Each structure stands twice: as structure tokens, then as C-alpha cells.
Amino acid sequence: MAATGNEEQTLLPDIEEEEAEDMEREMESEEEEEEGMGVEHSEEDEADTSEDERENEAEIQRLEEQLSINAFDYNCHVDLIKLLRQEGKLHRLRKARQKMSELFPLTEEIWLDWLKDEIRLTEDESDREKVYELFEKALKDYVCPEIWLEYVQYSIGGMGAQGGIDRVRSIFERALMEVGLHVTKGSSIWEAYREFEIAILSTVQPPPGSVPSQEQQELLNAQLERIHTLFRRQLAVPMMDMEGTYAEYSDWADDGVPETVMHQYRHALKQMEKCKPYEEALLVSEPPKLSEYQTYIDFEMKEGDPARVQSIFERALAENCLVPDLWIKYTTYLDRQLKIKELVLSAHERAVRNCPWTMGLWKSYILALERHGAEHQTVAGVFEKALNAGFIQATDYVEIWQSYLDYLRRRVDFSKEWSRELDELRAAFTRSLDYLKQDVEERFSESGDLSCTIMQIWARIEALHCKNMQKARELWDSIMTKGNAKYANMWLEYYNLERSYGDVAHCRKALHRAVQCTSDYAEHVCDVLLNFERVEGSLEDWDTAVQKTETKLNRVNEQRTRVAEKEALIARQEDNSENRRKAKADKKSQKKSQKANRTGDKRKAEDEYEEEWGEDAELPSKRLKGEGDFGSMATEEHMETESGLFVRRAPPPRKNEPPGFRKHQQGVNEAAQQSQDMSQEQRKDENSVFVSNLSFNMEDPEGKLRTLFQSCGTVQQVRPIFAAKGVFRGYCYVQFEDRLAVPEALKLDRREVDGRPMFVSPCVDKNKNPDFKVFKYKTAIEKHKIFISGLPYTCTKETLEELCKEHGTVRAIRLVTNRSGKPKGLAYVEFENETQASQAVLKMDGTMLENFTLSVAISNPPSRKMEDKAMPSRVLGGVMPRQPQGARGKGRTQISLLPRSLYRQSTPAAKAENGTVSASDSTVTDGVCEGTGTTSLDTQTKSLSNEDFARMLLKK
């Protein structure tokens, strides 16, 4: 039956296929005639044309095969229609458009192209009727002023038929009702209507010099009144360029503009002034302009004009048709405010056609159908479509089944012992359980109804309305066998059902089973049983209840004690590990302080500024042998770190300095000296940002960064940090005059500078805030964002956006890179809402991109723990332990004093397994032990005798 209905509803049936084929043949014959009449084409042009045609035909076949596999590929439909129209395949083009319109609402551009193509093929009146039907179908998808304008203009062409003028006027009135309030485009419909009526006026005016009859005068007056009415109606509507319409009416009206029209016009102008800021915001913003439309809708809803609210909703939906929240807001407004059946049901139908994956829209649609008295077959048909819509969560199927079952329950007259509606309700309950168990559980690995809500509702209906406690008990037995017997609330729900509609024996039985099976809130279940026996039970029943409850509570207390002991043991282990870690850290800090005390005599503070920042001064440079006293002559090198400015004496200039070194060093020293001259009060961390991950080879970092951050605000100073030899260390501080410039500067984070991403973070004193960390991105679950791994390193943002936009509106894309800016094969993609993100996960996970398998999931980054990190000891190669120190500490030189001729030749190291070498294989070279053995010289081979030394010397 459904197939028959679709065939009957086809606007351009297969009868027209022959006409389209004839038209194609005519076009081909015309081309042949032109060639025969002398139209010259070169052989190369013909070859190129045929080659293009073959390529296009191959692409058309590929698209058709892809659609045969997946009919819901929207982009594939669009590409196929575009190619068929380009090649002039009218018959196949018509079929492709019809198939797409059955699955999706078509855009304004696709409808206009389709309508114009069909209009060109129109030959007789029967064809015009089919085009009228096609226009009516187009108007059901979206409210578009351009389609309405095309419709009324096409209808004017048929005004010569019987009743044609009345039909044109009817279409114009419908157009004014739908888009006449459109602030920017509605005036085109009004003007077309007036021009049509003025043209009619010219046909009823008597010839010049003749006296019209009474009938002619009445027709003339009626036509003039129609034109006056159109002017008055338009001037009462807030619209762009109202002044021009008013001036045109002033010229048209012989008796001037009436006072009532003047009053309506002024009121409309005031309303237009209120709307103008919102219209200007829409004009300058980029599509889809959702936030601007939301603001405009809120304004119109406060104004309270239902027609204008409907108009702005339709405008917003034309550009944001895939936003479920906007459809939900619109349909809710229509359900609660206008309550017009045709308008409400049309909006609901369009909503589910645009966003079929949104369960809430289907649920509202079913309620609206029931509210407006739709037939049962219609409601059932909508529900079946909802089951095939492809929801992204198992719970969505549970909710849509609940809505449909509620509808079926409200149809049943329970005063009768039996009815067909009751059988349908029970059959639907049975089907819902089977559907959740088979279809939904197979797809999502869960039924979505863990607490068996549908079965609970069914049991309560059987007990309350059907007085069938036996069926209700069977349902509850099934509920408990699905893993719900351990929950106290499930048993108490069953007990309340028995208490209300059952008997005492079954109540007692339910509570005894609850005490035995419950694993949570055992005390509460025991109290309910005891209170029940106080009211209903005998002494024997009371004793049995007390014995069972005591046994249960003792067992529960034992379990809780064991759990508490286990948790205490785990806590003690964690405390011990924490104490060991702290002791290790204290030991390291103690060694560090002892080392500092031994060298404390060599250190001294340079100035009060360093002491205020709490930093130790570094050791002055040692004087080389043969140098004079450079104490007063040596230049001071200025270094700046995160928390302050350091000054230490620079080493004397080397003999062989590279060209320009002295000039560069002088520039660095001058910049540091200027930075030092600034008082501490002038440095404001709240006005500064910390810039890092810059290239060490950057030329003139101060000037370059000053230019880069000038757009954020007035830069007061840039403090680049240099190493001891004047080499830029890759980070600096930028201080602004105004604190408001800091947020703008932080927006430049990750900006690429010299091929590396520049990191910009707030400037914070680490001494005062040692735990301060800057992490730009969230670490909690983000349901509207997906995480993609396994990307090829050559993947760009444009490639990823092209891949993801098929599944929703992409708001932002972040490719994860290392500090040098090279990609890591990871990315985060943010969608408009969590529905689109979930759809993308389902469709993209496991797909291939450039021979790489993508792994896609909802973004849920791990939490970033702030743990103390012990400083690792520096060892040679990460293998050799620290060299022992003598009583005077570490020596000034590590040069071996063993004669070179007595060096023991090192043997090739044995192969290490898992990176280790046995101690027996270690050798000594240049006085440094190699391998993993002990480093003491005592571990070498036994000492040599005088004869051994003599033998070695003789060998030389």
C-alpha cells in the first residue's frame, strides 16, 4: 500500500519519461542539423568533447552505484544532480531529483533549478498543472520568498484560463501570508501583487472620451479599491524602504493619504527602527548567523506578535535547517501559542525531515498528532519512520517507545472488559521488549532500559486498569531476573504495587525476597519489613522477620568491615609511599643545601633587587692565568629569568672573536642595562605575558616581538632573555601599558613565528605561585568535540574539515603538534552540538585516510596531575653512576694522571641485553670506568710489578 501511495504522489510520473526522451532526441537532432548546415568543429574539439562526456558518464555511474549502496549520502545526491543537469540527461535528472526529495528536504537552489527546468518543458495546460503541484511540494520544505515569487510569476502566465485571475490572487494572498512580513524580501511580493492589479486596472478602464456604464464603473471602482487596499496593508508592515512605498502611494492617491493610514505607517516605522539593529547584525555577519537569529527571535518573542515570531523563525530555519534545538524551540512555540493544526503539523513534519536523528522532535511530533486528532494510521506511520531514523543512543529508542505506548494507552477504554485497542496496546508492549532486546541491543550492546521502565509501566497498567495481578507479577519476576534483584528501590516498587493492588501474602513474600537479595540500603528494606509485620503480621511472622533482618544486617556489617579494612590497608600503603617519596625529596634537598654551604663563601648577593626577588647570585667568572684584575674592568652580563633580573660578571673577551661579536654583545648588554634600569615598581606581572618556544636564531627578538604584539595594545617593554654568551634563549616577557591588552595578547597563543608555534601565557611569579600551570584546553569530557588519532602527518586542517563537515557543522579544528610545530597525528574537532559529534564518531571511526586507519571517539582527555618531580641525577650516558668524591669534594679536573703508555686497551663491549652490561665486561679508559660495574679504581685488575712496567717499556 505504501508503494502504491508513493506512486500516486509522484508529481511527474513515468508517463512523462517518453516526453523527456523525445525532448532529448529533438535536441540531438537539432545539433545534427546545425552540423549539416555548416557548423564547423575541429577534430580536436570533438575529441575533447567526447573525452569529457565519457569521463562525466563514468562519474555518473559511480555516483549511482554509491547511492545504491547508501541512499542517504546527501553530497552524492547533489553531485549526481549537478552532473546530470550539466550533461542534459533530463529523464535521469528528473528521477534523481525525485529520489532525493523523497529522502531529504531540498535547498532553495535545487528547487529553483528543478522548477525552471520543468517550466521550460511546459507545453500545454496539463503540464502547467503538474508544475503547480511541483511548486506546492517545494513550498513544504522551507518558507522561501524566492520560490514564492517564482510561483506567483508563473501563475500570472496562466491567468488567461478560466478562473485564472482568481487563482493568481489566491496564490498572491498565500504568499503574503507566508513571506509578506519578511523585512528584507517581503516587499518584492507586495510590489509584484500591486503591478498585477495595476495591469488588471488597465483592462477595465474605458477608452478615453467614452462614458463608462454603471457596470464598468463598478468594476473600475472595485479594482481601484484593491490597489488602495494593497498600499494600506503594505504600509502597516515594518519593512525596509518603507519611505519609497509611502511616496508612491502619495502620488497614486488623488485625495491624499488618509489619517488612519498615516497612523499605521508611523507605527510601522517605529517598529522598523527597533528591528533595524538586528537586521544590520544579520547583514554584516557570516552564515549561518545562528547567534544573531537567536537574539532576533528573543526580541520578537518579547514583542509578542505571533506572525512576526513565525516569520523570523522561518528565516532562521532556512539558514540553520540542521540545528535541532532551533526546531524544538519553534515547534514548542507553535504548540503552546498558535495551536493552528495545519501550521503546527507542517512545522513538525519539516523538523523531522531535516533532523531525523533527534528523538525529541519525533516525540513532539507524535504528541502534536494526538493533540490535533490525527488518525491512528498516521500516528503509527510516523512512529515507524521514527524507528528507522537512526538514533545515536539506545535510550532514545526507549523514550520513543514510551511516547508511542503512552499514546496507545490513552486510546484504550478500560471500562470495557475487552477492546481492540487493548489488544493493540499489549501487542505493542510485547513488540517493544523484543525490539529493545534484539535490534537495539545488537547495535548498542545494551537495551537502553536497564531499570526495565517499560515493563514496570506495563505491570502497573495490568494491575490498575485490567485488574490482572497475575500478569503484573509475571512481569516483575522477569524484571528481577534481568539483574535488578540487588537494588532496594526495585523491590520497594514491587512491594508498593502489591500493597496497592495485591494481597498481604504476596507483600510479605516480596519483602522477604528483598531482604535476602538486596545489596544496597539493606537497613531500609529491613525497616520496611519490620514495619509491615507490626501492622499485618502475627507473632510468628514477627519472629521470622526479626531473625531474617538480624542475619542480613550481621552479614552486611561483616562485609562492610572487610571493605573498610581493605581501604585502610590501601591508604596506609599510599601513605608509606608518600612518606618515602617525601623523605627522598628531603634527602636530595639536604644534599643540595650542604653543597651550597660548602661553596657559600664564593657566593654573594649583587644588589637589593635580587634579594627582593629571593634569588641567589651566580658565581663570578674565574680569572684565567695571566690576566690582570678584571674586577673593575669586566663588563657585567645581565640575565633575566621568570622571577627577576640577575647580574654576573662576564668572562673577558676571547682573542679570536667572530666578526660582529663585539657589536652584538654590546647591543645585548645595552638592552639588559636598560631593562635593569627600570625600577621594580614599573614591572607589572598583571600587565605582562610570557612568550616562549621561540627560535634561538631569531634576529632582533625585541623588535620583532614588539611589532607582533603592537596590535594588542601599547607595548611598554619587551625583555628577551639571553644566555651567558649573548645567545637568545627562546623566551621573553612582553609588558603592556594597559592590562586590557593581556587578553588580546593571549589570543596569539600558538601563532606560528619563524616556523615554530609561539606559546603565550600569563606572567606569574613562580616563587609566589609554585603550582601555577597553564593548560589551554579542557581535561573533562566534551560531548560536542571528537578526538581523532591515527592521522597521517601530512593531514591539514582543510583536509580534516572536508572530511568532518559531512557529519555536521564544524566550529573548530585543532591539530596537535609538538613544540617545534610538527604534527603528532592527533586532532580535536569541535561540532555545533553533541548530536553531530556522536554522528561523526559512528560514521568516521575505523575509516581510512591516505592508507591510515582513523580512530575516533568523544573527547575525554585524561586529568593532568600536579606531582612533585624529583630532579634526576646527571649520570654519564644514563648508565654510569656518580663518581665518588674525596674528602675535599669533587676535584677541579677529571684528567687521568696515569701514563698514557700504561693505559689498558679497551675490549669491545659485550652485547647488552635490555641495555645492561655485566660488571666483568667493564673496562677503564682515560680513568673513567665504562659499563655498569663499580667506578672505583680498586675494581681494576691487580697492580703491576716493576717487571711488568719494564716489559711494557721494552715493547715500545
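Glu314 is buried, and so is its partner Arg350. Keep in mind that this is a predicted model. The two residues form a salt bridge, with the closest N and O atoms 2.6 Å apart. The pair links distant parts of the chain. Glu314 sits in helix H15, residues 306–319. Arg350 sits in helix H17, residues 341–354. They are 36 residues apart.

Why might such residues pair at all? Side chains of opposite charge can pair when their charged atoms come close.

How many salt bridges does the count come to? The count is 45. I'll take a few.

Next, Glu424 and Arg411. Their side chains meet in a salt bridge, 2.9 Å from N to O. Glu424 lies in helix H21, residues 420–444, and Arg411 in helix H20, residues 394–411, so this bridge ties together parts 13 residues apart in sequence. Buried or partly exposed: which is Glu424? Glu424 counts as partly exposed, because its relative accessibility is 24% and buried means under 20%. Arg411 is partly exposed too, with a relative accessible area of 24%.

Now a pair within one helix. Arg581 forms a salt bridge with Glu578, and the closest N and O atoms are 2.2 Å apart. Both lie in helix H27. They are 3 residues apart, about one turn of the helix. Arg581 is partly exposed at 34% relative accessibility. Glu578 is partly exposed as well, at 28%.

Some bridges share partners. Through them, Arg85, Arg97, Asp117 and Arg120 are joined into one network.

On to surface patches. Which residues form a positive one? Lys584, Lys587, Lys588 and Lys591 do. Lys591 is in helix H27, which spans residues 539–598. Helix H27 is also where we met Arg581 and Glu578.

There is a patch of negative charge on the surface too. Glu191, Glu195, Asp241 and Glu243 gather there. Glu243 belongs to helix H12, residues 242–252. Its relative accessible area is 46%, so Glu243 is partly exposed.

Last stop, Asp749. Where does Asp749 lie? Look in the loop between helix H31, 741–746, and strand S6, 751–753. Asp749 counts as buried because its relative accessibility is 13%, and buried means under 20%. What does its side chain reach? The side chain of Asp749 reaches the backbone nitrogen of Val760, at 2.9 Å.

How values were computed:
Residues are numbered from 1 along each chain as its sequence is written. This is a predicted model: local features need pLDDT of at least 70, side-chain atom pairs count only at pLDDT 80 or more; totals for chains, interfaces and linings use all residues. Side-chain values use heavy atoms; hydrogens and water are left out. Patches are made of residues with over 30% relative accessible area and no salt bridge: like charges are joined within 9 Å, nonpolar side chains (Val, Leu, Ile, Met, Phe, Trp, Tyr) within 5 Å. Accessible areas come from the Shrake-Rupley method with a 1.4 Å probe; for residues, only the protein chains shown count as cover. A salt bridge is a side-chain nitrogen of Lys or Arg within 4 Å of a carboxyl oxygen of Asp or Glu. Lys and Arg count as positive and Asp and Glu as negative; His and the chain ends are not counted. The place of a charge is taken as NZ of Lys, CZ of Arg, CG of Asp or CD of Glu. Helices (H or I, at least four residues) and strands (E, at least two) are DSSP runs, numbered from the N terminus. Buried means under 20% relative accessible area, exposed over 50%, partly exposed in between (1.4 Å probe, protein chains only). A polar contact is a pair of N or O atoms within 3.5 Å; within protein, one must be able to donate a hydrogen and the other to accept it, and residues adjacent in sequence count only if both atoms are side-chain atoms.
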